[in-house]
Amino acid sequence: HCDGVSSNVRISASPPDHAIAVRVARACADRSVRMQSVAEDEKAGSHGTCSVVIVYCGVGCLLVATYVWGVATLLEKHGTAMQLWGRIGDPGNEELLLTYYVSIIAATIGFFPSLGYALAIAPRLPKRTVNLICGSFLGFYVTELFWMPMCVAYIEQPRAAVYVTIRLQLVASGSCVLLWAWAKFFAVPAHIAQEVSPCLRVSGLLGTLAFALHCAIMDATIWPPFFR
């Protein structure tokens with residue numbers, strides 16, 4: 001009797017169990033495919049590369065153009081552009097001026113490995129991370145575009161309102177550049193960062209740090225009181 005019952009159970013239970021197993025296997029396979037597809041969709045790909053090129057290089061060139069315009073304007077009107085240094089260029093501040101020169105050189109050189117690192121990781125990053133990195137750097141560039149025109153205006157006619165606006169602009173620019181540096185250090189997944197050569201990764205992060213600290217400390221904090 002027990003053998004009969006066992007046989008009946010096996011006969012009646014086996015087909016449903018097999019069908020359930022097949023359905024579960026298919027569901028798992030479909031889920032795996034969907035997850036892989038979502039993961040691929042989340043990668044920035046060409047969007048990441050284009051975003052880096054447009055922001056770092058395209059908008060960056062516009063910023064450099066404002067510097068060239070400002071220096072050229074001051075040279076034409078006054079024969080010198082040293083007014084941009086404010087009292088940092090005065091006798092007795094030679095060490096501070098030298099520190100500023102070193103910081104500017106480090107930030108300028110550091111920009112290029114920072115750009116190279118961004119280009120290397122951007123296609124592999126999630127779109128939201130690319131948007132954070134490029135968006136914060138775009139914020140820095142856009143706010144910084146107003147710096148040179150306001151400095152020239154202040155040199156031509158010193159006004160408290162212009163000076164206060166310059167300070168507010170520098171705070172905004174400094175905040176954006178610090179967020180940009182934070183994102184490149186801490187928002188990039190470790191496995192993606194490890195895919196980049198150690199030399200480019202380390203130089204890129206050090207360049208990012210040099211650029212961010214110069215803009216946030218030297219430009220936004222130390223320079224303004226000497227300019228007034």
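Leucine 213 lies in helix H8 of this predicted model. At 37% relative accessibility, leucine 213 counts as partly exposed, because that class lies between the buried limit of under 20% and the exposed limit of over 50%. Leu213 is also one of the residues that make up a nonpolar surface patch of about 920 Å².

**Nonpolar surface patch**
- Besides Leu213, the patch is made by Leu178, Leu179, Trp182, Phe185, Phe186, Val202, Leu206, Leu209 and Ile217.
- Two elements, helix H6 (160–187) and H8, each give two or more residues to this nonpolar patch.

**Largest pocket**
- The largest pocket holds about 810 Å³ of space.
- Its lining has 28 residues, and those closest to the pocket centre are Tyr67, Ile104, Thr108, His214 and Asp219.
- Two or more lining residues come from each of helix H2 (46–78), helix H3 (94–121), helix H4 (127–144), helix H5 (147–156) and helix H8 (198–227).
- H2 supplies the largest share of the lining, with 8 residues.
- By residue class, the lining of the largest pocket divides into 23 nonpolar, 3 polar and 2 charged residues.
- Helix H8 thus appears in both settings: H8 gives two or more residues to the pocket lining and two or more to the nonpolar patch.

**Overall architecture**
- The protein contains 8 helices and 0 strands, and its elements run α-α-α-α-α-α-α-α from the N terminus on.
- Of the 228 residues in the protein, 35% are buried.

Methods:
Residues numbered from 1 in each chain as written. Predicted model: local features only at pLDDT ≥ 70, side-chain atom pairs only at ≥ 80, totals over all residues. Heavy atoms only, no water. 1 Å grid on protein atoms, 1.4 Å probe; cavity = no way out; pocket = protein on both sides within 12 Å on 5 of 7 lines; lining within 4 Å. Points joined across faces, edges and corners; volume = space filled by probe spheres on them. Helix = DSSP H or I, 4+ residues; strand = E, 2+ residues; numbered from the N terminus. Nonpolar A, V, L, I, M, F, W, Y, C, P; charged D, E, K, R; others polar. Patch = residues over 30% accessible without salt bridge, like charges linked within 9 Å, V, L, I, M, F, W, Y side chains within 5 Å. Areas by Shrake-Rupley, 256 points an atom, 1.4 Å probe, with all protein chains shown as cover. Salt bridge = Lys/Arg side-chain N within 4 Å of Asp/Glu carboxyl O. Buried < 20%, exposed > 50% of the residue type's maximum accessible area, 1.4 Å probe, protein only.
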